[in-house]
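Let's take a walk through this structure, stopping at a few spots along the way. Keep the 3D view open as you read.

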Amino acid sequence: MATANTQERHAQWWHPVGGSVSIDAGAPPYRRLAIQLQHELTTAQSPRSILLATPNRSALAAHACPCLAYCLAEELGQSVLLVDASGKDRELSRILGCENQQGYFDLLSRPELDPNDWVLPTSHKGVHFLPAGTLPTEAMGRHQQAIPGLLERVLQKHDFVVLSGGSILHDTAALAATPHVGTVLLMPVENETLVADLDAAQKAVRFCKARHVGVVMVDGRSPQA
């Protein structure tokens, strides 16, 4: 359990260059996406969890995750847990100033701990954040079996879980979470992601038995479903 005081542990919507993440600018498409995902997961009776990942390495998915979590909380009036499940880059934890906080990967290695003790508040009362943690990526393979149990436990307190998974083609942590979430959203970057890489990412998540796979094109400002 983290010992820092509440003010020090309060995650903020920080942008890497020092400004805040612009949520309002991309709100309309993210809001539509939030409503669509809620409907699809409810209709299919799937776990209320969403993994966002890019085919290749890109910081854009990490920036999209807070926006989607915010819109889920705003549109549905429900509790959302944002999780950095990226094993290598851990960009979302860096953006939110939590790169040295324990979190997701530490909990996978110690499933006896209560994950709610590691969750941080954010600038939105309906959204909480679980950092990637401090466990080295190399240890991930030994703890994959703990993923479904961890997701089940956090869903007991939160209505939705949004995971930032990094690159499907470069980060095994993203693939490890794939079969345990309700929906995998692949986020190719317009004019950047090759069609061959998107196809390879789709094949990889389907091979790992993803329940449902969607594709959301990212243009650097907002997703276009």
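What follows is a short tour of one helix, one pair of rings and one residue in a strand. Keep in mind that this is a predicted model.

Start with helix α5, which runs over residues 147–154. Which of its residues are buried? They are I147, L150, L151 and V154. Look down the axis of α5 and you'll find that these four cover an arc of only 95°, which puts them on the same side of the helix. And what do the buried residues of α5 pack against? Their partners are two strands, β2 (80–84) and β5 (160–167), along with two helices, α4 (104–109) and α6 (172–177).

Now hop over to the rings. There's one aromatic pair in the structure, and it's made by Y104 and F105. Their ring centres sit 4.9 Å apart, with the planes at 85°. Planes over 60 degrees apart count as edge-to-face, so that's the label this pair gets. Both partners are tucked away: Y104 is buried, with a relative accessible area of 1%, and F105 is buried too, at 2%.

For the last stop, find T183 in strand β6, which spans residues 183–186. Is T183 buried or exposed? Its relative accessible area is 2%, and anything under 20% counts as buried, so T183 is buried. As for its company, leave aside residues up to four places away in sequence, and T183 touches L37, L41, S49, I50, L51 and H212.

Notes: Residues are numbered from 1 along each chain as its sequence is written. This is a predicted model: local features need pLDDT of at least 70, side-chain atom pairs count only at pLDDT 80 or more; totals for chains, interfaces and linings use all residues. Side-chain values use heavy atoms; hydrogens and water are left out. Buried means under 20% relative accessible area, exposed over 50%, partly exposed in between (1.4 Å probe, protein chains only). The arc is that of the directions from the helix axis to the C-beta atoms. Contact means heavy atoms within 4.5 Å. Rings of Phe, Tyr and Trp (its six-membered ring) pair if their centres lie within 6.5 Å; planes under 30 degrees apart count as stacked, over 60 as edge-to-face and the rest as tilted.
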